[in-house]
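Trainee: Please take one part of this model and go through it closely. I would like to follow it step by step.

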Amino acid sequence: MNRDTYEKIVALRLPGMAKTYLEQEEMEDIRQLTFDQRLELLVDAEVDSQRIHKIERLINNAHFAESKASITQIKYYADRHLDKEQILTLATNEYIKKHENVLIIGATGAGKSYIGCALGVEACNSGLKVKYIRLPDLLSEYKNKIKQYEKCDLLILDEWLLVNTSNIEQQDILEVLEKRYRIHSTILCSQFDVGGWHSKLGGGALADAILDRIVPKSHTI
């Protein structure tokens, strides 16, 4: 191994390539490979390293309530009334490409947050930018900080309409959803059926506008 070459690879911040370069020195049959074959191994290792690092960064920046949530760990017990085929289809992230939404409805402790986070992790695995936040926390954010939730590929809003909203809060919700409408996807986790959302949003024109930007293009779990 050329130590100077290794140090240059490290200086270039290519950890996957550097690690594999060291490992190649321990391989008894490495000399049987051509230069191009060895180079291919180094490049593939770096590509994999950067992909993994990017996914880890996306998951960390999403601030999931459950960052280890996984589609494969969802339990399909009979009393949960979950459609496995539907969830596996959503896990392909096609709904995000189509800018559709997902509504996850269930009582406290039903696992809404876990399913939402699991879908969010799948989006991160595909290189998409995701943000997770409880609706009460979103509404307490300063205006300039709310903008980060307007632009991500997938926004997961947990505890959706747990309590009634004020007129100002309804305006903030509409502003966020309006910026995402038809260009991004949103997952909403709620204890209440969609039919009860209108009154919790004030029951007026603002409620109509908010629901119009959520419900028509949504999958319900």
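Mentor: Start with F35, a residue of helix α3. The model is predicted, and what follows is read from its computed values. F35 has a relative accessibility of 64%, and the cut-off for exposed is over 50%, so F35 counts as exposed. F35 also belongs to a nonpolar patch on the surface, which it makes together with L39, V43 and V47. The area of this patch is about 370 Å².

Helix α3 spans residues 35–62, and it has another role in the picture: the buried residues of helix α2 pack against α3 and also against α1, residues 3–11. Helix α2 itself covers residues 15–24. Its buried residues are G16, M17, A18, T20, Y21 and Q24. To be called buried, a residue must have under 20% relative accessible area.

Now compare a strand. Strand β1 runs from residue 101 to 105, and four of its five residues are buried, leaving the strand mostly covered. Two other strands pair with β1. One is β4, residues 185–190, which is parallel to β1 and joined to it by four bridges. Within that pairing, L103 has L188 of β4 as its bridge partner. The other is β5, residues 218–220, also parallel to β1, with three bridges between them. Here N101 is matched with S218 of β5.

A general point helps when looking at strands: in a regular strand, side chains alternate between the two faces of the sheet.

Key:
Residues numbered from 1 in each chain as written. Predicted model: local features only at pLDDT ≥ 70, side-chain atom pairs only at ≥ 80, totals over all residues. Heavy atoms only, no water. Buried < 20%, exposed > 50% of the residue type's maximum accessible area, 1.4 Å probe, protein only. Pairing = 2+ DSSP bridges. Contact = heavy atoms within 4.5 Å. Patch = residues over 30% accessible without salt bridge, like charges linked within 9 Å, V, L, I, M, F, W, Y side chains within 5 Å. Areas by Shrake-Rupley, 256 points an atom, 1.4 Å probe, with all protein chains shown as cover. Salt bridge = Lys/Arg side-chain N within 4 Å of Asp/Glu carboxyl O.
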